[in-house]
Amino acid sequence: MFATSFSAWLQRRGIHYGWIIAAITFLTMLTMSAALGLPGAMLQPLGKEFGWSTEQISSALALRFALFGLMGPFAAVLMERYGLRAVICTGLALVGFGMALVTVASQLWQLFILWSLMLGLGTGMTALVLGAVVANRWFTARRGLVIGMLTASSATGQLAFLPFAAWMIEHWGWRSAIVPIFVGCVLIATLALCFMRNRPSDIGLLPFGEKPGLQPAAPVAAPAAMTFRTPFVVLREVFSNRTFWILAGTFFICGLSTNGLVQTHFISLCGDNGLGAVPAASVLAMMGAFDFVGTILSGWLSDRYDNRKLLFWYYGLRGLSLFWLPHSQFTIYGLGLFAMFYGLDWIATVPPTVKLAGAAFGPQKVGLVFGWIFAAHQLGAAVAAYGAGFARTLLLTYTPALYAAGGACLLASLLVMAIRRPAKPASQVMPPAAARA
């Protein structure tokens, strides 16, 4: 009832209801990404209070990344079966209560239940697949712009909230930083419950930019019904494809060198080198600003240049920046230089990877295929989240993990050149499961 009356009110003022749907989706993805990034600021406070090692806490975060990624191929199925509103509210409830209950946890197994299971599944249900589904259902015109904005919210939100969270942890304790996430989840779930709808037809509208009475130039085949078996069928079809394994392997390295390593361990790394949590989180926020610019620029470049060569440079420069980080002396100048080069290609790998996948597998399969490639990305993040924590516990330094990730990035820059160059320009259609690198 709220949505129908509000839509009519907006229509009289020349505003399409799709922009309300996009705004709720933006806030949902922003809050989810902030929840994903927050545990990285809590590694050392949790260790000091409960006596847990970095390896033990990192193992819970690693499982969270794995579940987050493995939800990718199935998120679109959930949205098709149960609707956007149900999936969003369920995801927000899992994340909100999972984060809130951590404040009363005292055992490591409780951290696995709350941060690994609830946070991993909740964020996986509302990853970038949500943004792409909303853009494709509600927008015919400006679809690329909407996908770009929603992608930026997911990427930048993981970093932009951290300086404020680190300040709260420093002044009021780590439990205080949970409050904005929980309140955000409650408020946005309320908005989604009142105003979120699955499709424009639910409230008597056409997608934004679609004109009434116009017929498509050629009949469009109805998409096959998706079941929970469909992702496995697609995986079996592409299992022997070399391009799939190269893209999955390089995206594994992408996740290993971003979410799993830097997002999770950067504040702890800086603490080991005498830099406080708030300045360290500010460097992460700086990376988020450069990431916002780099992602938009990468999308522009991917329409004009060989996507394999773009990935070659992205992975190569990322690897060199990781080699530089241990020698930056952790000064503002040194870390600023790292933030610029590293931040510019934090998720710049996404548009070229999407386009190469689209060229190789076509628009009908690319969504689910990319869902599996994204799962590989998050498995890489899980390996780095645990591996870097293990190295820190065993060797009392993150330097070997940084060198290993840098070397893996250089390997990825070479692997992408083994992909056959597409005979035609890559498709402009973004897949339903396009996600954050």
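**Entry 1: burial and Thr-243.** I take a residue as buried when its relative accessible area is under 20%. I looked up Thr-243 with that cut-off in hand, keeping in mind that the model is predicted. Thr-243 has 12% relative accessibility and therefore counts as buried. I placed Thr-243 in helix α13, which covers residues 242-257. Leaving aside its neighbours within four places in sequence, I found Thr-243 in contact with Ala-360 and Ile-419. For Thr-243 and Ala-360 I noted a separation of 117 residues in sequence, against a C-alpha to C-alpha distance of 7.3 Å.

**Entry 2: Ala-376.** I then turned to Ala-376, which is found in helix α18. Its relative accessibility is 14%, so Ala-376 counts as buried by the under-20% cut-off. With neighbours within four places in sequence left aside, I listed Ala-248, Phe-251 and Phe-252 as the residues in contact with Ala-376. I also looked up Ala-376 against Ile-253, and these two are 123 residues apart in sequence while their C-alpha atoms are 8.7 Å apart in space.

**Entry 3: the whole chain.** I stepped back to the totals, and I recorded 19 helices and zero strands in the protein. Of the 437 residues, 56% are buried. Among contacts with a sequence separation of 6 or more, I noted that 86% are between residues 24 or more positions apart.

**Entry 4: nonpolar cores.** Which residues have the most contacts inside the largest nonpolar core? I found them to be Phe-266 and Met-287, in a core of 128 residues. Helix α18, residues 350-395, gives the most to this core, with 14 residues. I followed Phe-266 further and, leaving aside neighbours within four places in sequence, found it in contact with Leu-261, Ala-280, Val-283, Leu-284, Met-287, Leu-325, Leu-335 and Phe-338. Apart from this core I noted another, of six residues, which include Phe-65, Ala-66, Ala-381 and Ala-385.

**Entry 5: α6 with α7.** I looked up how helix α6 (residues 84-101) is set against helix α7 (residues 108-125), and their axes come within 8 Å and cross at roughly 155 degrees. An angle over 145 degrees counts as roughly antiparallel, and α6 is therefore roughly antiparallel to α7. I recorded the crossing of α6 and α7 as left-handed. On the α6 side I listed Val-87, Thr-90, Gly-91, Leu-94, Val-95, Phe-97, Gly-98, Met-99 and Leu-101, which meet Leu-114, Trp-115, Met-118, Leu-119, Leu-121, Gly-122, Thr-123 and Met-125 in α7. By class, I counted 12 nonpolar, five polar and no charged residues in the contact of α6 with α7.

**Entry 6: α4 with α14.** My last pair was helix α4 (residues 54-70) and helix α14 (residues 259-272), which pack at an angle of about 130 degrees with their axes 12 Å apart. I therefore entered α4 and α14 as oblique to each other. I noted that α4 passes α14 in a right-handed crossing. Thr-54, Ser-58, Leu-61, Arg-64 and Phe-65 in α4 meet Asn-259, Gly-260, Gln-263, Thr-264 and His-265 in α14. I sorted the residues of this contact into two nonpolar, seven polar and one charged. I had already met Phe-65, one of these α4 residues, as a member of the core of six residues.

Notes:
Residues are numbered from 1 along each chain as its sequence is written. This is a predicted model: local features need pLDDT of at least 70, side-chain atom pairs count only at pLDDT 80 or more; totals for chains, interfaces and linings use all residues. Side-chain values use heavy atoms; hydrogens and water are left out. Axes are lines fitted to C-alpha atoms, for helices over the stretch in contact, and angles run from 0 to 180 degrees between N-to-C directions. Helices (H or I, at least four residues) and strands (E, at least two) are DSSP runs, numbered from the N terminus. Angles under 35 degrees count as roughly parallel, over 145 as roughly antiparallel, 65 to 115 as roughly perpendicular and the rest as oblique. A crossing is left-handed if the near helix is turned anticlockwise from the far one by less than a right angle, and right-handed if clockwise. Contact means heavy atoms within 4.5 Å. Ala, Val, Leu, Ile, Met, Phe, Trp, Tyr, Cys and Pro count as nonpolar, Asp, Glu, Lys and Arg as charged, and the others, Gly among them, as polar. A nonpolar core is a set of buried Ala, Val, Leu, Ile, Met, Phe, Trp, Tyr and Cys residues joined through side-chain atoms within 4.5 Å. Buried means under 20% relative accessible area, exposed over 50%, partly exposed in between (1.4 Å probe, protein chains only).
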